[in-house]
Amino acid sequence: MNQKQITVTSPLLPPLDEFLPYLEDIWKRKWLTNNGHYHQMLEDALCEYLGVKYLSLFSNGTLALITALQAMRITGEVITTPYSFVATTHSLWWNGIKPVFVDVEPKYLNIDPQKIEAAITPKTTAIMAVHVYGNPCDVDAIQKIADTYGLKVIYDAAHAFGVRRDNESILNFGDMSILSFHATKVYNTIEGGAIICQDEKMKKRIDYLKNFGFADETTVVAPGINAKMNELQAAFGLLELKYVDAAIAERKAITKEYQEILQNVPGVKLIYEDERVQHAYPYFPILIHEDEYGLSREFVYSALKERNILSRRYFYPLISEFPTYKGLSSSAVDNLPIANIAAKEILCLPIYPGLGLDDVRMIANLIVDKIQ
Ligand SMILES: *Cc1c(COP(=O)(O)O)cnc(C)c1O
């Protein structure tokens, strides 16, 4: 029995003593929110770090998703994936948009572009895709469909912080991308998020919308919301940025260790990254084929838990299985065969900066040895 608990993730926290001077400065400035000094600095710093042009900070990723749809006036039906965190589809629901689920492809578990066209109706206005586990969607195929049918493309890029393909930020594809800076993500601002868009006018509109719709003191351009990031979080984010590369390097080492030990285990499938992609290693997902491995995902999940190792069934259940969405015709299991199998087989193993490689080896060997 392993005494010390190993959690599936653990937040990246910069040294406290380095954060205190930021707090002292904020106290001096007496400017706590509403596009303050640190807010502006963080927007600039993130644009530079990520290699994007226009970025708007948010209080969390979900409000960024909801506001992105508002900003582009998306209505009617939106084609999306059931294999994501619930916030993806909830953002459609909060906008009165009907989600239309399309199955995922088996390699990366991202929305399958080949199945999108069949789901398009006269009411379809956009495609909302997710770069699951930070592996980029087939952005070229998705854009081609969007161009043909006149649809907008929004990427839930909550897992794709720092991800590049052929050295180009993956956030530069589609009309908008959304990031989450929640405590559990590769890069965090405790809670937080961002919208990345492609032009200055749109950034302006997004900035109005996240501040009640105010364009100036007396002009309200739309029924906006309050989704502003405050100065304490922005300062935290600036400091965090100094430590994120080292954190990603640790995540990479953990990933390589898991891959090394688990690569040839019959019935255990790994999701490898594309050679063109520079990754940030946000999760370590494995798929457990019960017939071949001999044990079910549920068994492995529980057996690890008994040994004080917390893995996560992420994503399970599918979004299409939750009561709000279950009644939609696109939620039918036979419309989503690959996503349904993945939800039954998926298990994300512990990965975070600070997790020792000896623990990684111990966990991976438990899986090799069928949790003996
Ligand atoms: C974390 C996450 C979100 C939600 O972000 P919050 O900042 O927690 O609101 C949305 N989509 C995906 C895919 C996520 O992983």
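## A tour from the cysteines to the ligand

The structure holds zero disulfides. Keep in mind as you click along that this is a predicted model.

Let's begin with the cysteines. Select Cys137 and Cys348: the sulfur of Cys348 is the closest cysteine sulfur to that of Cys137, yet the two are 16 Å apart, so they are too far from each other for a bond. Colour Cys137 by accessibility and you will find a buried residue, with a relative accessible area of 3%.

Next, select Cys197 together with Cys47. Why is there no bond here? The sulfur of Cys197 has its closest cysteine sulfur in Cys47, but at 9.2 Å that is too far, given that a disulfide needs the two sulfur atoms within 2.5 Å. Cys197 is buried too, at 1% relative accessible area.

Now move over to the ligand and show the residues around it. There are 15 of them, and those that come nearest are Gly61, Thr62, Asp156, Ser180 and Lys185. By class, this shell is made up of nine polar, four nonpolar and two charged residues.

Zoom in on three contacts to oxygen atoms of the ligand:

- Lys185: an N or O atom of its side chain is 2.6 Å from a ligand oxygen.
- Ser180: a polar side-chain atom sits 2.7 Å from a ligand oxygen.
- Gly61: here a polar backbone atom is 2.8 Å from a ligand oxygen.

Switch on the surface for the next stop. Of the 380 Å² that the ligand exposes when taken alone, the protein buries 93%. Finally, highlight α3 (61-71) and α4 (87-93), the elements that each give two or more residues to the shell around the ligand.

Key. Residues numbered from 1 in each chain as written. Predicted model: local features only at pLDDT ≥ 70, side-chain atom pairs only at ≥ 80, totals over all residues. Heavy atoms only, no water. Buried < 20%, exposed > 50% of the residue type's maximum accessible area, 1.4 Å probe, protein only. Near = heavy atom within 4 Å. Polar contact = N/O pair within 3.5 Å; in protein donor to acceptor, adjacent residues only side chain to side chain. Areas by Shrake-Rupley, 256 points an atom, 1.4 Å probe, with all protein chains shown as cover. Helix = DSSP H or I, 4+ residues; strand = E, 2+ residues; numbered from the N terminus. Nonpolar A, V, L, I, M, F, W, Y, C, P; charged D, E, K, R; others polar.
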